[in-house]
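I set out to record, entry by entry, what I looked up in this structure. The entries follow the order in which I consulted it.

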Amino acid sequence: MNDKVMALYEMAFRDRYQECFEDEFQEFFSEIMERAHPDGDFVRVRPWGRQGDEKNDGYIISLRTVFAVYAPRKPTAAGAKKKIESDFKGCLPHWKNYIDRWIFVHNDREGVGPTVLKTILDLNKEQQNEVAFPWGREALAERVRGLSHRDLRTLFPTVPTIADFVDVGMEEIQPVLDHLERARVPSGGDLRPVPEDKLEYNQLSDAVGQLIRLGSTPARTVRAYYQRVSDELLKDQTARAFADKYQELRRSGLDPDAIYEDLRRWVIGSDIATPTRHVAVYGVLAYFFQECDIFLRPPEEG
């Protein structure tokens, strides 16, 4: 599997990680783990009558590992602390003969807060052993990267193929352009060619760089459309909407990859995200990146 294909699946993973909560997130977690640890090595543990699940949201037999999954829509430090303490201490009477590691799995893409970390470290101090650990997006992403193409297709069926990027036309791209917000006309566009080092200057990851390069093919259709309609006002309004959204996300303190992710979700909108819709969105993002309407232009030498 080449880097571009893997980048598509990684973005699909990030979407689901960000958008799943509560039972849906636990189901997503279990789907990944069943494929990462096949042949029954990972076991889902569900509540069973009055017995419940005995504070066990999943178990890896070979690694003697118990999981606790926490993914509320509105996480709080107090709620996370309560979940960690109650699940860890509640599982020990039932699983102490079968556990070497206890993992707290969460769905916060920006990581855990200090309360969560201190709570986990305190548990390890009480046990006089390194037994409790947090798992966030990167830990799950690492399991996803190790999956077969067949498993990835099953987990993320709407991810486009490389062929989809070649076949996409204006029919698929037009609805995405129609969806974009119209904003005020900018004072003037930056018509200089995109610098070759713009990706590096903005500190975008290799995976996002692959997606921008992949989107360059459908971006040609976007460029041809604006050249054909000769409507600079329409293009400028859409570019300003993009630039304003980029600046809003940048002011929020997100890192460059997270800004790209949120721009992409904003462009997708609420419509059903089919493979062709994904291709169109990648093309539109690549076009406005190349036009320097989003992300920073490196300063010129001298």
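Entry 1, Lys 4. I began with the exposure of Lys 4 and found a relative accessible area of 29%, so I entered this residue as partly exposed. I note here that the model is a predicted one. Lys 4 has its place in helix α1, residues 3-19. I then looked up a contact in space: the C-alpha atom of Lys 4 is separated by 9.3 Å from that of Val 208, and the two residues are 204 residues apart along the chain.

Entry 2, positive phi values. I looked up Glu 22, which is not a glycine and yet has a positive phi near 50°. Glu 22 is found in helix α2, residues 22-36. Its relative accessibility is 48%, and because exposed requires over 50%, I entered Glu 22 as partly exposed. Asp 39, also not a glycine, has a positive phi of about 60°. I located Asp 39 in the loop between α2 and β1. At 83% relative accessibility, Asp 39 counts as exposed.

Entry 3, the sheet. I traced 5 strands in an open sheet with mixed pairing, in the order β1-β2-β3-β4-β5. The edges are held by β1 (42-43) and β5, each with a single partner strand, so one side of each has no neighbour in the sheet. Strands β2 (residues 59-60) and β3 (residues 65-70) pair in the antiparallel sense, over 2 bridges. I looked up the partner of Ile 60 in β3 and found Thr 65.

Entry 4, Thr 65. This residue of strand β3 has a relative accessibility of 0% and therefore counts as buried. I checked the polar surroundings of Thr 65: its side chain reaches the backbone oxygen of Leu 63 at 3.0 Å.

Entry 5, β4 and β5. I found that strand β4 (residues 101-106) and strand β5 (residues 132-135) run parallel and are joined by 4 bridges. Val 105 has Trp 135 as its bridge partner in β5. Together with helix α4 (residues 114-127), β4 and β5 make a right-handed β-α-β unit.

Entry 6, the largest nonpolar core. I counted 70 residues in this core; among those that touch the most other members are Val 105, Trp 135, Phe 13 and Phe 156. Helix α14 (residues 275-290) supplies the largest share of the core, 10 residues. Domain 1 (3-153) and domain 2 (160-291) both give residues to the core, so I place it between them.

Entry 7, helix α14. I compared its span with expectation: the 16 residues of α14 reach 23 Å from first C-alpha to last, close to the 22 Å expected at 1.5 Å a residue. I also found α14 mostly covered, with 14 of its 16 residues buried.

Entry 8, helix α13. For the 13 residues of α13 (residues 256-268) the span should be 18 Å at 1.5 Å a residue, and the end C-alpha atoms are indeed 18 Å apart. Of these 13 residues 12 are buried, so the rest of the structure largely encloses α13. The buried residues include charged names as well as others: Asp 257, Glu 261, Arg 264, Arg 265 and Trp 266 are among them. At the N-terminal end, Asp 255 caps α13 through a side-chain oxygen 3.0 Å from the backbone nitrogen of Asp 257. After α13 comes Gly 269, with a positive phi near 70°.

Methods
Residues are numbered from 1 along each chain as its sequence is written. This is a predicted model: local features need pLDDT of at least 70, side-chain atom pairs count only at pLDDT 80 or more; totals for chains, interfaces and linings use all residues. Side-chain values use heavy atoms; hydrogens and water are left out. Two strands pair if DSSP finds at least two bridges between them. A crossover is right-handed if, with the strands pointing away from the viewer, the path from the first strand over the helix to the second runs clockwise. The expected span of a helix is 1.5 Å times one less than its number of residues. Buried means under 20% relative accessible area, exposed over 50%, partly exposed in between (1.4 Å probe, protein chains only). A polar contact is a pair of N or O atoms within 3.5 Å; within protein, one must be able to donate a hydrogen and the other to accept it, and residues adjacent in sequence count only if both atoms are side-chain atoms. A nonpolar core is a set of buried Ala, Val, Leu, Ile, Met, Phe, Trp, Tyr and Cys residues joined through side-chain atoms within 4.5 Å. Domain bounds come from an automatic or database domain assignment.
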